[in-house]
Structures are given as structure tokens and as C-alpha cells.
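Reader: Hey, got a minute to walk me through this one? I'd like to start with a helix.

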Amino acid sequence: MAWIEVQVPDIGDFMDVAVIELLVKVGDRVAAEQSLLTVESDKASMEIPCSHAGVVKEILVALGDKINQGTPVLRLEAEASAAASTPVGGAAAPVSAPAPAASSAPSAPAAGPVALSIVVPDIGDFDEVAVIEVMVKPGDQIKSEQSLITVESDKASMEIPSSHAGVVREVLVKLGDKVRQGSPVVILEMLAGVAGVALAAPAAALARPAEAPTVVSTLAVAAQPERVVPTAALPPHEPGAPKAALPHASPSIRRLARELGVPLNEVAGSGPKGRITQDDVQGFVQRVMTGALQTALQQAAAPKAVAAAVATGAEAFPGSIANMLPWPKVDFAKFGPVERKDLSRIQRISGANLHRNWVLIPHVTNHDDADITDLEAFRVSTNKDNEKSGIKVTMLAFMIKAAVAALKKFPQFNASLESTSSGEQLVLKSYFHIGFAADTPNGLVVPVIKDADRKGIFQISAEMGELAKKARDGKLGPADMSGGCFSISSLGSIGGRYFTPIINAPEVAIMGVCKSSIEPRWDGKQFAPRLILPLSLSWDHRVIDGAAAARFNVYFASLLADFRRIVL
């Protein structure tokens, strides 16, 4: 028998994640890849798997501890054959056993290429998800955590990352294939000992990597990016008396509970070992709604779980929310010919986000006009003088710079609401990332210009062009669409006068602009033709009041009317 110290594997860019659940105890016999504990960051929950099979002899962490890659988790008594298996990425390291160690012959250092089979990691409760994009091909040199494929379920899409760097020898999946946790994705060729990978496999296996590639499982940290499953802005349900142990639930169930405002420590689990399932969470919400809705709505201290359940809308719980009528079921074909068409991936993802934002955020929209006559003349002359540069300056680039100046003058617009244990807090940001709506064949997406305050008009215009092209080609990644402080939705190329843009949570405001037109304006002596741009500012009334919104709109319009003000 041998002792092995199991450590936290590579968990991506997450640092100092908190231990929220211990899934094993001393004396338990665990299998390889069995989950040992659950950790949670501000963005995701994840389970840490065991790299070897054996018996738990000592647990080295406790609830609430902060851990990182390489942190020892527990000591395991493993069979000799298991102890000689491959420790990967710091997931496990042999430690001295309490008994005298037996002598062993020194092993020759591993050399030459080693084949690793990268498999689908733990992706929560998703099963048989379809491959919709293959991002690598044989011969590609890839980095650790680089995305290999994109998969899609009926609820979300996610990218599957590689746990190691190396060269792709073979791609084992194709578009349309169904995969699940443990499905092989690619065969990766790498050198033993490269990139911090210690391979202790038998020499025969190293000599014939093609016949017996080492199987490496990855961790689904990067498998659920922010653009796919954003953290809900719902406040948590008021908890009852705290329990001694944290609830037993998977990361996907924890996310569902956060979205619905359900306190997991008040939910009875019906799964194995009391594990909380999706039916348990939904049943809790329905019981709260049907049994206490009317009373709760009449009391000032209404449970937040009830408010969250009401906010999810009649589609989730038809016919049960305050006697709301169920969604109508109509046989449209009896009235005439019809055609059915599935929503695009972007429509499915953005539709859920837009519905949540419209229901949960108290929107108010102010309308105003900006005189852009002089600015448009300057834009046209600028493009004429810089034709050889290949960069076309658009009015939207000027609006992005104007938005930065307005956010600096009115910092409450560059903020987000965040729920904490002590209540809601306003997070005021000192950076200026501006999103802009980009029209694509599959729907609208919102790329983000990062650090717009540090960039000039030409740089912003060039970056907008690059991001818009990536959006049309379907190549935008999560990083291209995250971190926004304020968004601008422009319908100027289409037409219209005013509209009510929906706030892009967790932002608190969005500017909508329509097509400019020539209108007569009184200059004090006569009516003169001026180019007028309609503005529509939607804002979150929980954070911003009407007077501040009016001042923001007026200031924004004044910058577009005389862009020299932006340097004051």
C-alpha cells in the first residue's frame, strides 16, 4: 500500500476559491475522478475530483478554507498499482507513508512524445450535448485551457478546454456528434515533463503512446462562460436558521437556485445521500408560491424567494402566479398555412437574458435630441483626409467617447447593483468598457470596447470594425462580450425615431440612438436646417433618478453638438 497526497488540479484563472462542501470523510473508499469537495468563486461553482482510487486517511481542508491550484486536499491510501499511475497537473503527489517505505528500483526518466486523450470534463447535469463547433485540427499547437470544441444543449452552449498544451494528433469528434462527461475529444501529443506534467506511466506505455495513450480528465471551469449562463441579479431568499452543514447540490443546481432566489439550506434533497435535484428546487418554489403568495405579497417582509418566483414569469409556472392566466395554446394551422422555424442559438440565449432584465429591472426611458450637424461635417472631412488609412470613422465611435465623458461626470451610471450578505451594494467602477450592439444574421450581440477612455477615435473605429466582423462570422468569444459598463444600441442605419432599449444587466443604463434627420431649428434669428440625432436613454430606477437621467442625456447631447467640450 502507498500513500498519495491529492492536490487541487488546474482550475484556470480562479484564485483563492472557497470550500463550500466536503463530499467525503475519513475512512471513505473513493474511486478515481470521484468528487471530493465543492468550491465556489464569484463566478462559478465546481467540484474537485480525486486523481486516484483508495481510502481517505486524512482531510487537509475545512469548510470556508481558501484553496488554489496545488493546494493539498487529502491524503489517500491507494493500491500500489494506483499509486504508480499518472499524476497530472499537480492533482496528486506521493507522500511518505507512516510505515517504513519499501525500497524500489529507480525509474528511468521519461523521454519522447506522450499521447494524452483529452476528455469532456464534468459539465454539470448536461448529458448527450451536441458538438456545434470544432476549433482545432490535427497538427495544431494548442495551449493549456485553449478551447477545443463548442457544445450546445437545449439550455446553453459551452466551450470545452484542453487541460494541457501540446500538438493535436487526432480529433475524435465531428460536428453533430453527441458527447457527455468522459467522452474523448482529441488525442494530444506532448513531451513527458513538459508544461509541469509529471508522467509516471510504465515505460512500455511511453514507448507506444499510440497504443495506450494516457487518459487525462479536465475540469469544467471554463466550460460555462459568462456570456452563456450569466449570474442572475436576483437577491437571495431570506435564510432561516443556519444549518451545521452546507447543502449537497451540484454547481448547476446551485446556479438554478441563485437564479430563482432559493435558499438551498431550506430545501430537502431527494437525491442520493440527500443531494438536491432540479425537481427539489422547482418544487420548493411552487410550494412557496401556491401556499404563501397572497399572504406574502400583502406583508412588507415578503420572502425574496416569492418575489423571485413571481419575477420568473408565467412561462415557468403557468397559471399559478397571482391567478395569472396560462400562456394561450393556439392551433395556428387551422387559420391558414404556417411554417415552423427553430430560434437561433443567439436568440435562445439572449432571449432569456432580455426577459430576465426586462422583468427584474424597473426601466425608465428618457428621450432627447442631439444636434450633430458640425460633428457629422467633421467626421466626413476626417474620413476624406484619411482615406489611405483604410479606417472608416463612424458616428458611433464619437458616441463611445462621449459616453466615457458622461460616465466620468455621472459615476452612478458606471455602476452595478450587487447582492451581499448584508444587503444590496452599489459597485462603482473606475474603468470604462463600452458595449455596442452589432447586428448579425443570427441576431444582435454586444461586443465590448475595453478601456475606451485610453483610446482615440481611430483606434476605437478600427476595433469596432474588427469586433463587428467577428460577430458576423460567429467568432466572438466570451472575453469579447464581457466586462461592459454601459452599452449603446444604434439603429441609425435602419431608421425609426425613438425606442426603449432594454438594459444589459448588470449594467444600469443603455443609450439607444436612431436615424438622424434634417430638421428646422430656431437659432435666435431664423429657422436653419440642422442634423438631429434622436437619443433614448433607458436607466435603472433603483440606482438612478429622473433628474440625474435628464442631466446625463443633456450632457451627452451637448458633447455631440460641440465635441470640443470633451477636452474640458
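Author: Sure, let's take α10: at 1.5 Å a residue, its 16 residues should span 22 Å, and the end C-alpha atoms are 22 Å apart, which agrees. The expected span here is 1.5 Å times one less than the number of residues. Helices (H or I, at least four residues) and strands (E, at least two) are DSSP runs, numbered from the N terminus.

Reader: And where do these coordinates come from?

Author: This is a predicted model, so local features need pLDDT of at least 70 and side-chain atom pairs count only at pLDDT 80 or more, while totals for chains, interfaces and linings use all residues. Residues are numbered from 1 along each chain as its sequence is written, and side-chain values use heavy atoms, with hydrogens and water left out.

Reader: ok, which residues of α10 are buried?

Author: Ala548, Ala549, Phe552, Asn553, Phe556, Ala557, Ser558, Leu559 and Leu560. Buried means under 20% relative accessible area, exposed over 50%, and partly exposed in between (1.4 Å probe, protein chains only).

Reader: What do the buried residues of α10 pack against?

Author: They pack against β19 (363-371), α7, α8, β26, β27 and β29. Contact means heavy atoms within 4.5 Å.

Reader: Switching to rings. How many aromatic pairs does a search of the whole structure find?

Author: The search finds 9. Rings of Phe, Tyr and Trp (its six-membered ring) pair if their centres lie within 6.5 Å; planes under 30 degrees apart count as stacked, over 60 as edge-to-face and the rest as tilted. One of the pairs is Phe410 with Phe552, which is tilted, at 5.9 Å centre to centre with 55 degrees between the planes. Phe410 lies in the loop between α8 and β20 (415-420) and Phe552 in α10, so this pair ties together parts that are 142 residues apart in sequence.

Reader: Is Phe552 buried or exposed? And Phe410, buried or exposed?

Author: Phe552 is buried, at a relative accessible area of 0%. Phe410 is buried too, at 11%.

Reader: Got an edge-to-face pair for me? Which residues form it?

Author: Trp522 and Phe527 do, at 5.1 Å centre to centre and 65 degrees between the planes. Both of those residues are exposed.

Reader: Which residues do ring pairs link into a cluster?

Author: Phe410, Phe413, Phe486, Phe552, Tyr555 and Phe556.

Reader: Nice. What about Lys over rings, which ones sit there?

Author: Lys408 has its charged end over the ring of Phe432, 5.5 Å from the centre. Lys409 lies over the face of Tyr555, at 5.3 Å from the ring centre. The criterion is NZ of Lys or CZ of Arg within 6 Å of the ring centre and within 35 degrees of the ring normal.

Reader: How many residues has the largest nonpolar core?

Author: It has 52, and Phe413 and Phe486 have the most contacts inside it. The elements giving two or more residues to this core are α8, β22, α9, β26 (486-490), β27 (509-513), β29 (527-540) and α10. Of these, α8 gives the most, with 12 residues. A nonpolar core is a set of buried Ala, Val, Leu, Ile, Met, Phe, Trp, Tyr and Cys residues joined through side-chain atoms within 4.5 Å.

Reader: What is Phe486 in contact with?

Author: Leaving aside neighbours within four places in sequence, its contacts include Ala403, Leu407, Ile434, Met511, Leu537 and Phe552.

Reader: α9 is on that core list. Which of its residues are buried?

Author: Ile457, Ile460, Ser461, Glu463, Met464, Leu467, Ala468 and Ala471. They cover an arc of only 170 degrees around the axis, which puts them on the same side of α9; the arc is that of the directions from the helix axis to the C-beta atoms. What covers them includes α8 (395-409), β22 (434-436) and β23 (438-440).

Reader: Backbone oddities now. Where is there a cis peptide bond?

Author: It joins Ala505 and Pro506, with omega about 10 degrees. Pro506 is in the loop between β26 and β27. Most residues other than glycine have a negative phi, and most peptide bonds are trans.

Reader: Which residue has a positive phi although it is not a glycine?

Author: Glu33 is one of them, with phi about 75 degrees, in the loop between β3 (29-30) and β4 (35-40). Glu145 also has a positive phi of about 75 degrees, and it is found in the loop between β12 (141-142) and β13 (147-152). Glu33 counts as partly exposed at 40% relative accessibility, and Glu145 counts as partly exposed at 28%.
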